[in-house]
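Look at the structure below and keep the sequence beside it. The paragraphs that follow lead through it step by step.

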Amino acid sequence: MNGANFSLCEQIIPKSYVQQAQNARKTIENDIKVFLEHRKWPSEGWDDAKIELLLQELALMDSNNSPGNVGAGEREGRVVSSLVLRRHFRLSHGIGRSGDIAAIQPKAAGSSLLMRLTNCMALDVIRMTGVKSAAACLLLPLATGMSLVMVFLTLRQVRPSAKYVIWPRIDQKSCFKCILTAGFEPVVIENVLEGDELRTDIPAIERKIEELGADNILCVMTTSSCFAPRVPDRLEEVARLCKDKAVPHVINNAYGVQSSKCMHLIQQAARVGRVDAFVQSSDKNFMVPVGGAIVAGFDAKFIDDISKTYPGRASATPSIDLFITLLSLGSKGYERLLKQRKEVYSYLSEGLSHIATTHGESLLITKHNPISLAISLDHVAARSLSQAPDSSDSTLLGSMLFTRRVSGARVVAPGSSKDIGGHVFTGWGAHVNRYRCPYITAAAAIGMTMEDVDIFLSKLDKCLGKFSAKVTPDVLLSTDNTKEEDDK
């Protein structure tokens with residue numbers, strides 16, 4: 001409501017009441033003015049009313065919401081369902097144009113503005129969490145794997161003869177399939193065991209670069225966030241090697257934004273060597289629905305080239321989700337979540353160590369992994385005379401936990417294999433052909449609470465206890481009485 005309308009209101013109700021409402025409106029408008037002027041992530045989170053007011057104002061800037069607008073084209077932001085329209089805050093044009101996902105749409109000024117502001121806040125997040133020298137970032141309406149595909153396709157434009165991607169092994173399907181989907185040949189570098197940790201084999205990467213020839217290599221793709229007992233790749237050493245050999249370096253930082261250690265590793269790698277881009281999931285780091293990823297880097301032109309590689313317009317939903325979430329949290333709210341996550345990690349580590357000792361197992365020592373933890377399952381797995389573990393009993397533990405509504409924990413037993421696009425991985429899930437023992441992993445990810453840890457540990461303790469009782473698999477999986485008991 002503008003000043004003239006407020007004046008008219010004074011003719012209907014007492015002036016003092018109108019002035020009070022006008023002052024409240026001015027306070028909200030001033031916060032919005034500061035946000036638009038500085039394009040910075042607010043330190044204090046906004047309430048829903050303020051966010052909704054801004055979204056309504058942005059929606060009114062789009063042509064499909066203009067009174068009297070007549071659309072004569074094939075794409076006019078028409079939405080038949082009022083429920084769908086409300087779900088998207090009447091922002092239906094999407095983002096970008098046919099040749100650039102970051103371009104401004106003439107028909108969608110509000111949606112374009114939202115997209116630009118979201119990217120500005122995302123860059124603030126990247127810098128605040130540890131990668132201070134990041135030059136630019138881009139929120140893509142794609143999950144991490146497909147966003148990595150976009151990075152590879154952009155690199156292909158400057159390295160047309162390249163056909164290989166060197167990849168230190170990480171047993172997560174999308175990390176591998178993104179290479180195949182982009183049309184490149186993966187060169188798998190097996191990890192080396194150091195204590196309990198699986199670490200990057202730097203000499204093997206160097207040998208492969210020499211063997212294949214630098215010009216034939218699209219990039220080295222490393223990983224910063226991963227399941228224990230694998231730990232983040234040696235990013236600094238890889239970055240130095242890539243700089244020396246003139247080979248691009250892309251980092252899969254899927255859920256690393258929530259870890260100051262992962263972000264520090266990326267910052268240091270860029271300082272001492274070469275990092276072309278690093279990609280992080282929006283849902284894993286900011287607790288929004290799946291469907292978006294932030295591509296960031298140290299060369300603004302390269303990030304701009306990625307936006308130009310994306311064909312056509314795109315859904316604005318990931319931008320809307322992240323825009324609302326970041327404004328709702330504010331930088332201080334997100335910092336509190338990061339602090340809480342570190343506390344939960346320590347709490348989970350102590351709890352798993354106690355559970356492991358109670359059942360004759362051990363917490364694997366993976367100090368270089370700041371998010372994921374693992375305990376051995378030697379006494380859970382059935383053993384032959386040669387002490388080779390049979391995977392059946394250890395994987396049964398995962399089924400037991402799932403039936404008791406524990407999700408995300410991963411049981412890994414030696415001996416399994418997986419065929420992905422014609423490439424066979426032995427020991428799939430363990431990041432190595434054969435790890436020394438079966439194990440179960442759990443992650444202290446952002447949003448997890450101490451109460452979540454207590455419930456998980458209680459259920460894990462009860463499930464492990466059932467193995468020592470030597471009951472049959474049918475009894476182990478029975479949820480008739482046990483599930484009710486576990487829920488108490």
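Which residue stands opposite Tyr439 of β16? The residue is Ser376. The model in which this pair is found is a predicted one.

The pair belongs to an open sheet of 3 strands. The strand order in this sheet is β10-β16-β13, and the pairing is antiparallel. At the edges stand β10, residues 372–376, and β13, residues 410–412, each of which pairs on one side only. From one strand to the next, the twist averages 25°. In general, the strands of a sheet pair through backbone hydrogen bonds, in either a parallel or an antiparallel way.

Take the two pairings of this sheet in turn. Strands β10 and β16 run antiparallel and are joined by 5 bridges; β16 covers residues 439–443. One of the bridge partners here is Thr441 in β16, which pairs with Ala374. On the other side, β13 and β16 also run antiparallel, with 3 bridges between them. Thr441 appears again here, as the bridge partner of Arg410. Thr441 of β16 is thus a partner of Ala374 and of Arg410.

How many of the 5 residues of β16 are buried? The number is 4, and the strand is mostly covered. Helix α13, residues 317–358, lies across β10 and β16. The direction of α13 makes an angle of about 5° with β10.

Now turn to another sheet. This one is open too, and has 7 strands in the order β1-β9-β8-β7-β6-β2-β3. Its pairing is mixed. The edge strands are β1 (136–140) and β3 (185–189); each has a single partner strand, so one side of each is left without a neighbour in the sheet. On average, neighbouring strands of this sheet are turned by 20° against each other, direction ignored.

One pairing in this sheet can serve as an example. Strand β6 (residues 217–223) and strand β7 (residues 249–252) run parallel and are joined by 4 bridges. Within this pairing, Met221 has Val250 in β7 as its bridge partner.

Helices lie against this sheet as well. Helix α7, residues 173–181, packs on the sheet and touches β2 (164–168), β3, β6 and β7. The direction of α7 makes about 145° with that of β3. Helix α12, residues 300–309, lies across β1, β8 (277–281) and β9 (293–297). The angle between α12 and β1 is about 20°.

Helix α7 also has a helix as a partner. Two packed helices are described by the angle between their axes and the distance between the axes. For α6 (residues 144–158) and α7, the angle is about 35° and the axes are 9 Å apart. The crossing of α6 and α7 is right-handed. On the α6 side the contact is made by Gly145, Met146, Leu148, Val149 and Phe152, and on the α7 side by Ser174, Cys178, Ile179 and Thr181. What kinds of residue make up the contact of α6 with α7? There are 6 nonpolar and 3 polar residues, and no charged ones.

Next, consider some details of the backbone. Most residues other than glycine have a negative phi, and most peptide bonds are trans. Ala228 and Pro229 are joined by a cis peptide bond, with omega at about 10°. Pro229 is placed in the loop between β6 and α9 (235–245). Arg90 is not a glycine, yet has a positive phi of about 65°. Arg90 is found in the loop between α4 (82–87) and α5 (109–128). Its relative accessibility is 30%, so Arg90 counts as partly exposed. Met287, again not a glycine, has a positive phi of about 55°, and lies in the loop between α11 (282–286) and β9. Met287 counts as partly exposed because its relative accessibility is 43%.

Finally, step back to the whole chain. The protein is divided into domain 1 (3–67 + 77–88), domain 2 (109–329) and domain 3 (334–475). The centres of domain 1 and domain 3, taken over C-alpha atoms, are separated by 49 Å. His38 is placed in helix α2 (residues 15–38). With a relative accessibility of 47%, His38 counts as partly exposed. His38 and Cys120 are 82 residues apart in sequence, and 9.8 Å apart in space from C-alpha to C-alpha.

Conventions
Residues are numbered from 1 along each chain as its sequence is written. This is a predicted model: local features need pLDDT of at least 70, side-chain atom pairs count only at pLDDT 80 or more; totals for chains, interfaces and linings use all residues. Side-chain values use heavy atoms; hydrogens and water are left out. Two strands pair if DSSP finds at least two bridges between them. Axes are lines fitted to C-alpha atoms, for helices over the stretch in contact, and angles run from 0 to 180 degrees between N-to-C directions. Contact means heavy atoms within 4.5 Å. A crossing is left-handed if the near helix is turned anticlockwise from the far one by less than a right angle, and right-handed if clockwise. Ala, Val, Leu, Ile, Met, Phe, Trp, Tyr, Cys and Pro count as nonpolar, Asp, Glu, Lys and Arg as charged, and the others, Gly among them, as polar. Domain bounds come from an automatic or database domain assignment. Buried means under 20% relative accessible area, exposed over 50%, partly exposed in between (1.4 Å probe, protein chains only).
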